[in-house]
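Trainee: Could you take me through one part of this structure closely? I would like to see how its strands are put together.

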Amino acid sequence: ATNTFFGATCGRYGNRIKDGRFELGGKTVQVDCNEGSNHLHGGRLGFDRKNWAASADEAANAVTFTMVSPDGDQDFPGTVHLSATYTLGDDNVLDIRMRGTTDKPTILNAVHHTYWNLAGQGSGDVRNQSLRLHSDFYTPIDAELITTGEVLAVAGTAFDFRKSKPIGKDIDTLQDVGTGNLVGGGYDHNWCLNGVGPGLHPCARVTDPASGRGFELH
């Protein structure tokens, strides 16, 4: 467990909640604040700080992790039973499935928070790696990395990855957005993904020109 959440399963709520407060069932719920006055990735003792049970299914080439988050955990209501199953297929697809059940109304936004560097561990930054995102819109953030509520078109901005381009091509044009790893600029934004309805939709494709490695996210 680190403050960067590298490789973590984050929850109950991945991303930030302003002032750690939200409305649920006509009442205001106050949850743990672990990044200044805001809630981030589940709080100080979020899912990334829990001990999960593990079971392997060798026939399916899968492993399932399970954990129970009790009522009041980081001040979230409801007992949540969570599972995360990772299956590696013969087609080189890594299938990640998260499931949660609760005994009373709550919010649950568990997030797989792995970072990938296709050039390999310790190889430096990813600026030369190419990224394509299936997204026409993004959500701006304020100085505390909280979404402003706006939804803006990526066209004509540094957030336009509709055609593949190096991640670092426009990164230095981003203004300083304040806290965390983004002092001096960088990407820590949400993109609104294209595609509706059931089933998997293409989200992103990343390639490393030096090694030839790449992956697609659906």
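Mentor: Start with strand 12, residues 135–139, and strand 13: two bridges join them, and they run antiparallel. The model is a predicted one. Look at F137. Its bridge partner in strand 13 is A153. Now widen the view. Strands 13, 12 and 15 form an open sheet of three strands, in the order 13-12-15, with antiparallel pairing. Which strands stand at the edges? They are strand 13 (152–153) and strand 15 (190–193). Each has a single partner strand, so one side of each is left without a neighbour in the sheet. What holds such strands together? Strands of a sheet pair through backbone hydrogen bonds, either parallel or antiparallel.

Next, compare a second open sheet. Four strands form it, in the order 14-11-16-17, and the pairing is antiparallel. Its edge strands are strand 14 (165–166) and strand 17 (214–217), and each pairs on one side only. Follow strand 14 inward to strand 11, residues 130–133. Two bridges join this antiparallel pair. One residue to find here is S130, whose bridge partner in strand 14 is P166.

Last, turn to the surface. L88, L94, I96 and W116 make a nonpolar patch of about 370 Å². Pick out L94, which lies in strand 9, residues 94–102. Is L94 buried, partly exposed or exposed? Its relative accessibility is 40%. Buried means under 20%, and exposed means over 50%. L94 therefore counts as partly exposed.

Definitions and conventions: Residues numbered from 1 in each chain as written. Predicted model: local features only at pLDDT ≥ 70, side-chain atom pairs only at ≥ 80, totals over all residues. Heavy atoms only, no water. Pairing = 2+ DSSP bridges. Patch = residues over 30% accessible without salt bridge, like charges linked within 9 Å, V, L, I, M, F, W, Y side chains within 5 Å. Areas by Shrake-Rupley, 256 points an atom, 1.4 Å probe, with all protein chains shown as cover. Salt bridge = Lys/Arg side-chain N within 4 Å of Asp/Glu carboxyl O. Buried < 20%, exposed > 50% of the residue type's maximum accessible area, 1.4 Å probe, protein only.
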